[in-house]
Amino acid sequence: MAGGAASGGSARTDTYREARHWLLLPSWVVLIFLILIPVLMMLVYSFLTKEFRGGVIWEFSLDAYDQFFFNRGLFGDEPPSIEWTYITIFWRSIWQAGAATILSLVIGFPTAYFIATRPEKVRPMWVFLITIPYWVNLLIRTVSMKFVLRDQGPLNDFLLWTGLIDSPLHIVNTNFAVQLGLFYSYLPFMVLPIYASVERYNFALSEAASDLYAGKWVTLRRILLPAVKPGVIAGCILVFVPSLGSFLAPDLLGGAKNFMIGSLIEEQFKGNAGNWPFGAAASMILLSMVLIILIVFARQQARAEKGGA
Amino acid sequence: MQVTDDRINAIDIRNAVKRYGDFTALKTISLSIRDNEFFTLLGPSGCGKTTLLRMIAGFEDVTEGEIFLFGDEIEKLPPNRRPINTVFQNYALFPMMTILDNVAFGLEMKGESKAAARKRAGEMLELVQLSQFSSRKPSQLSGGQQQRVALARALAPSPKVLLLDEPLSALDLKLRQAMRFELKELQRETGITFIFVTHDQEEALTMSDRIAVMSAGELQQLGDARDIYERPSNMFVADFIGETNLLEVEVDAVEAGRAQVHLGGGHQLSVDAVEGVGKGAKVHMSVRPERLYLSEGAEGPESLAGTVRANMFVGTDIQTLLDLDGGVQISVRSSNSERGNKRVFEPGQIAHINMEQGAARLLAD
Ligand SMILES: Nc1ncnc2c1ncn2[C@@H]1O[C@H](COP(=O)(O)OP(=O)(O)OP(=O)(O)O)[C@@H](O)[C@H]1O
Ligand SMILES: [Mg+2]
């Protein structure tokens, strides 16, 4: 403190700096106790030995990671070959989460644009309408969706009635059902950040573009999209990341064939059949993947900004 | 018939009306803007200047009426199909593009190759003396520089008409005055019709070939700077443009193009008659303060005696306020120069007010 004062900082800014440390305390508590410690615990558990009825034995082991990536036969005595089961599940999860993200973007972007271009007074009402279904619990929403989509459900009844199809569409227990479920679970996370950035967009830029002979699509692609890109990226991350680890929609709408990482991890901690270190290892792998994706995004963003300047 | 009457007008607005719900922003405007003209729309805030400009550009629908561009009806065309470009009030430069790409944008959209568009954009930047900034982003330029980029961007595709919505309002006084000159020069060099919107009368008077004065969605007067300043057609224009004395008069007789009128205090004057003002009419008369002068004694039968109330120093001029009989106030400006050799009257003194030939103008409403 004395050093700070000597180097010219006034008493007032020193007090301010000190106060700032204390004001940040709650954030630090949350970060440390709710994020850092649990992640570290997970990391530690992933390197322990499994206890057969759930739980762990405190003995260092690489078994969990080994089991994830390698197949050593039923008794573990064969030469290791690559274990595709879990990698396939991961790959499917990425694919499903990606498809759900694209679906959310395709539906969410026009929705957000629509809301942001309404008169200022009615925009909060539109935002509220979008979020209404999300006051209902996710489990109930997902189960209801299964009822809507099933072979004898209202959707098929309606399509049959209109004559568009003459036998029910099998939607439940397909990849598409999972994508729909994920899309519906996380749509507001796509709409809200895009809405926020479109609302801040200076529409005079679109007018300027059309004044300079640009059509609607060119204006969208070359002027509007680059301007609202941060909102679009935020929305994609906010939908993709929870979709990747989600287990409700895949369990309820996808059936056994369409297993995703979230369900795999969930099973490891359920009842007596689980394998805690394996669940922890799968979580750590998922976490690393998410981090890698975020870093790639962030770097691209930084490069785009620097390249443009 | 005059030659100018045969030429096709750059813009013809016929009975254009603009309504927003039950609010009428423009009430039946008809207006012709000639080719190669520096045309100004002048009026107070909210009178509908921007609305009219945006209708010409295509950003606003026309509720009723037609707009023609060199004889072609355009009011139904979208903005990107009108060969008209706009310099926006806050420039609306594309923030993520370089200056060069901003200027090249319109040319590219018109179908020119990227290389050709950039070459021409470079030339335009040279014209507005910004070549050294071509790879910068708009946010890295000063307001005046951004203004010139907006100008270059709008001129690059060689529009038939250029629209400018208060392009100078964000600049400081010195820069604004310099830009007035540059704009006028640019218009002359390019030969493009400029339609310029402003609420600054000095800007309008110094730059324009013709001015349309608007108020509350209506056209008040159309003419060159002299017409508008010296022959205002109504109270609004007389009051809005420059400074004036508006005096209530009653018309006693009209004869041979002259009207005999008297002021509230009974003082009689003879002024040019105007259409629509006959015997017995109670109307206003406008007299510019700089066309009045003070003298010690009466210089003619029409000299008015008044009591000096105050003198104000306004740099180039000295302004004297006088009280006349009947509670009328008059302001007189005399130039602040030695050569003028004019006497300065002190407050409380009696002075005579004299009018130059043709200084007073009767106003129909
Ligand atoms: N979208 C709109 N909806 C309703 N009224 C509008 C709309 N746009 C403009 N107006 C009204 O139309 C009138 C004219 O507006 P306009 O912007 O043309 O004025 P202006 O002459 O350009 O004024 P300023 O000098 O302040 O820019 C104003 O009374 C304004 O409130
Ligand atoms: Mg305006």
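Analyst: A polar contact is a pair of N or O atoms within 3.5 Å. The model shown here is predicted, and this idea can be applied to ligand 1.

User: How far is a backbone N or O atom of B:Gly48 from an oxygen atom of ligand 1?

Analyst: The two atoms are 3.0 Å apart, so the pair falls within the 3.5 Å limit for a polar contact. B:Cys47 also contributes a backbone N or O atom, 3.2 Å from an oxygen atom of ligand 1. With B:Tyr20, the side chain takes part: one of its N or O atoms is 3.4 Å from a nitrogen atom of ligand 1.

User: Which residues are around ligand 1?

Analyst: The surroundings include B:Ser45, B:Gly46, B:Cys47, B:Gly48, B:Lys49, B:Thr50 and B:Thr51. Also among them are B:Tyr20, B:Phe23, B:Ala25, B:Glu166 and B:His199.

User: Turning to chain A, at what angle do helix α5 and helix α11 pack?

Analyst: Helix α5 (residues 84-116) of chain A packs against helix α11 (residues 216-245) of chain A at about 135°, and their axes are 9 Å apart. The angle therefore makes α5(A) oblique to α11(A). The crossing of these two helices is right-handed.

User: Which residues of α5(A) and α11(A) meet?

Analyst: From α5(A), they include A:Ala97, A:Gly98, A:Thr101, A:Leu105 and A:Phe109. From α11(A), A:Leu224, A:Val228, A:Val232, A:Cys236 and A:Phe240 are among them. By class, this contact has 15 nonpolar, five polar and no charged residues.

User: How does α5(A) pack with α9(A)?

Analyst: α5(A) and helix α9 (residues 175-200) of chain A form an angle of about 40°, with axes 6 Å apart. Because of that angle, α5(A) is oblique to α9(A). The two helices have a right-handed crossing, and their contact has 21 nonpolar, seven polar and two charged residues.

Definitions and conventions: Residues numbered from 1 in each chain as written. Chains lettered and ligands numbered in written order. Predicted model: local features only at pLDDT ≥ 70, side-chain atom pairs only at ≥ 80, totals over all residues. Heavy atoms only, no water. Axes fitted to C-alpha atoms, helices over the stretch in contact; angles between N-to-C directions. Helix = DSSP H or I, 4+ residues; strand = E, 2+ residues; numbered from the N terminus. Parallel < 35°, antiparallel > 145°, perpendicular 65-115°, else oblique. Left-handed = near helix turned anticlockwise from the far one by under 90°. Contact = heavy atoms within 4.5 Å. Nonpolar A, V, L, I, M, F, W, Y, C, P; charged D, E, K, R; others polar. Near = heavy atom within 4 Å. Polar contact = N/O pair within 3.5 Å; in protein donor to acceptor, adjacent residues only side chain to side chain.
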